[in-house]
Amino acid sequence: MSLYGALRSGVSGLFAQSQSMAMISDNIANVNTNGYKVSKARFSSLVTTAASPTLYSSGGVQSSVGREYDVQGLLKSSSISTDIAIDQSGFFTVTDSLTRNTSTGNWDITGDILYTRAGEFRPDKDGNLVNAAGFYLTGWPRNSTNSGYSTTNVQSAFNGINVATSSSNPIPTQNTSLDANLLNTAATGDTVDAEIPIIDRQGTQKTLTLTFEKTGANTWDITATLAGGGQFLDPDAGLPAGMGDDANSDGIIDNTELTGAPYTDMALAGASGVAVGQITFNADGTLGAVTGGNGTGSVGVDGNASSGILQLLVDHDGALGTVSDAAAINIDFGTIGGNDGLTQYNGASGVEGYDQDGEQFGSLTGVSINEAGEVTALYSNGVTRKLYQVPVTTFNNPNGLQQKTGNVFIETDASGAAIAHVSGAGGAGSIAPSSIESSTVDLANEFTDMITTQRAYSASTKIITTADEMLDELIRTKR
């Protein structure tokens with residue numbers, strides 16, 4: 001019955017080539033789909049066992065889907081800061097549904113977990129990054145101590161990456177440093193001013209001016225002026241026990257400690273020309289000692305004098321009845337015995353640099369994602385804040401993933417378990433910021449395959465018509 005076998009071979013050829021044409025059609029249709037991976041028809045023979053070694057029993061052909069999900073597409077540059085791609089192996093973890101957790105403020109995964117290479121993400125109305133197919137990017141949130149990320153390999157424990165943090169709250173100045181030189185040959189009574197910008201609790205910038213007046217050999221008295229509102233607090237009048245240079249001192253005062261203390265028993269010392277302490281230098285011009293004025297009629301608190309730090313207590317609104325605006329400002333003049341801050345050399349007096357840790361209020365101006373996958377918010381006050389980290393998820397057999405609508409994949413037994421990595425670590429590919437991965441479709445190859453598939457299909461139809469003619473001849477022999 002080899003004629004019937006030939007017919008079946010022709011039919012199997014038609015089916016296999018139809019499958020191939022379907023794959024080619026999808027590939028061509030997705031030539032501009034970012035992150036799309038081509039599928040290729042893989043053909044293998046069908047063999048049936050013959051009754052005798054001298055006989056041949058035709059089987060035909062079968063086709064299977066050859067997946068190329070691990071093939072790298074061309075990376076092209078993008079002007080959008082939230083567009084990302086993966087260079088080499090790995091996938092982004094995405095979901096089709098997020099729900100805001102009101103207790104944590106995070107967006108929890110409440111839908112299916114899927115994987116994609118399509119990294120063209122944009123914020124939606126809630127600020128969640130979503131791609132063109134409607135799948136939300138997920139990752140690791142910043143930890144509670146703001147020192148790293150809450151990394152986990154449990155995909156369902158990822159959070160949706162939300163960039164709707166609209167503002168950066170003000171942070172009052174607590175620590176400042178001053179790098180300046182005071183002329184060693186200055187005459188007694190000469191003065192040098194050093195201006196340091198500081199921030200109060202509401203984000204208002206003020207100017208703290210320190211005036212150094214030479215009062216003797218290697219000795220300078222310090223007075224302070226606060227411009228922009230507020231007054232200095234006098235620690236001699238009611239400094240709570242256990243703070244500052246009190247007999248029960250526990251060291252430098254921090255802002256939380258100050259606002260929690262009954263400092264209303266203290267007195268306002270004014271805002272202009274207030275004596276706060278004294279600086280002395282060693283014979284070689286290095287910093288010798290920093291002395292606060294507490295107990296001598298001036299308002300400086302010793303702080304940590306062995307490290308060259310002087311504290312000032314400031315009431316930013318000048319009203320002792322409110323405690324939320326008080327601040328302890330630490331002024332670091334440098335290492336005792338060193339020249340890394342305030343010095344007295346034979347050179348012009350002047351400020352060479354300063355630093356302070358306060359921040360003004362800032363509104364969100366942009367979001368960026370770097371090579372490590374860190375999502376950073378940018379604010380108008382120059383502050384940057386890290387929010388999330390995008391992991392790169394790998395599989396032992398990425399071609400074993402099952403494809404779903406929307407250029408996404410799901411995990412299967414054939415793919416192996418999903419493993420989340422930091423970008424570029426553990427065999428995972430690296431995240432390419434402001435980039436998009438192009439489709440891996442090659443139109444020239446697809447059109448060539450289309451021609452060969454069409455010819456193979458036509459040839460299979462010829463098998464069927466030829467076998468039909470032979471059967472017709474066989475039937476006519478009876479006539």
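In secondary structure, this protein comes to three helices and 34 strands, and I should say at once that we are looking at a predicted model. The radius of gyration is 37 Å, well over the 23 Å that the globule rule gives for 479 residues, so the protein is more spread out than a compact globule. If you take the principal axes, the C-alpha atoms fill a box of roughly 135 × 50 × 35 Å.

Let me stay with the whole chain for a moment. Of the 479 residues, 44% are buried, and among contacts with a separation of 6 or more, 65% are between residues 24 or more positions apart. The protein exposes about 22,100 Å², and carbon and sulfur atoms supply 50% of that area. As for charge, there are 22 positive and 49 negative charges, and the mean positions of these two sets are 28 Å apart.

Now to the strands, and I would like to begin with β22, which covers residues 309-315. How many of its seven residues are buried? The answer is seven, so to speak of β22 as mostly covered is fair by the under 20% cut-off for relative accessible area. In a regular strand, side chains alternate between the two faces of the sheet. In β22, I309, Q311, L313 and D315 point one way, while L310, L312 and V314 point the other way, and all of them are buried. Please note that Q311 and D315 are included in that buried set.

Which strands pair with β22? On one hand there is β18, residues 231-234, which pairs with β22 in the antiparallel sense over two bridges, and here F232 stands opposite V314 of β22. On the other hand there is β23, which runs antiparallel to β22 and is joined to it by seven bridges. Within that pairing, Q311 stands opposite N330 of β23, and L313 stands opposite A328 of β23.

Strand β23 itself spans residues 326-332, and six of its seven residues are buried, so this strand is largely enclosed by the rest of the structure. It also pairs with β14, residues 175-181, this time in the parallel sense and over three bridges. There the bridge partner of T176 is I331 in β23.

T176 brings me to Q356, a residue found in strand β25, which covers residues 350-356. Leaving aside residues up to four places away in sequence, Q356 touches T173, N175, T176, P197, I198 and I199. The C-alpha atoms of Q356 and I196 are separated by 8.0 Å, although these two residues are 160 residues apart along the chain.

For a contrasting pair, consider V274 and N30, which are 244 residues apart along the chain and whose C-alpha atoms are separated by 74 Å. V274 lies in strand β20, residues 274-281, and at 7% relative accessibility it counts as buried. Its contacts, again not counting residues up to four places away in sequence, are I222, T223, A224, F232, A269 and V299. Of these, F232 is the residue we have just met opposite V314 in β22.

I would also like to show you a buried residue in a loop. N34 is found between α1, residues 2-29, and β1, residues 39-46. Is N34 buried or exposed? With a relative accessible area of 14%, N34 is buried. Beyond residues up to four places away in sequence, N34 touches K76, A118, E120, N407, I436 and E437.

Finally, a word on backbone angles. Most residues other than glycine have a negative phi. Two residues in this model deserve a look in that respect, namely Q88, with a positive phi of about 85° although it is not a glycine, and S434, with a positive phi of about 50° although it is not a glycine either. Q88 is found in the loop between β4, residues 84-87, and β5, residues 92-95, and it is exposed, with a relative accessible area of 52%. S434 lies in the loop between β33, residues 430-433, and β34, residues 435-437, and at 25% relative accessibility S434 counts as partly exposed.

Key
Residues are numbered from 1 along each chain as its sequence is written. This is a predicted model: local features need pLDDT of at least 70, side-chain atom pairs count only at pLDDT 80 or more; totals for chains, interfaces and linings use all residues. Side-chain values use heavy atoms; hydrogens and water are left out. Helices (H or I, at least four residues) and strands (E, at least two) are DSSP runs, numbered from the N terminus. The radius of gyration is taken over C-alpha atoms; the globule rule is 2.2 Å times the number of residues to the power 0.38. Buried means under 20% relative accessible area, exposed over 50%, partly exposed in between (1.4 Å probe, protein chains only). Contact means heavy atoms within 4.5 Å. Accessible areas come from the Shrake-Rupley method with a 1.4 Å probe; for residues, only the protein chains shown count as cover. Lys and Arg count as positive and Asp and Glu as negative; His and the chain ends are not counted. The place of a charge is taken as NZ of Lys, CZ of Arg, CG of Asp or CD of Glu. Two strands pair if DSSP finds at least two bridges between them.
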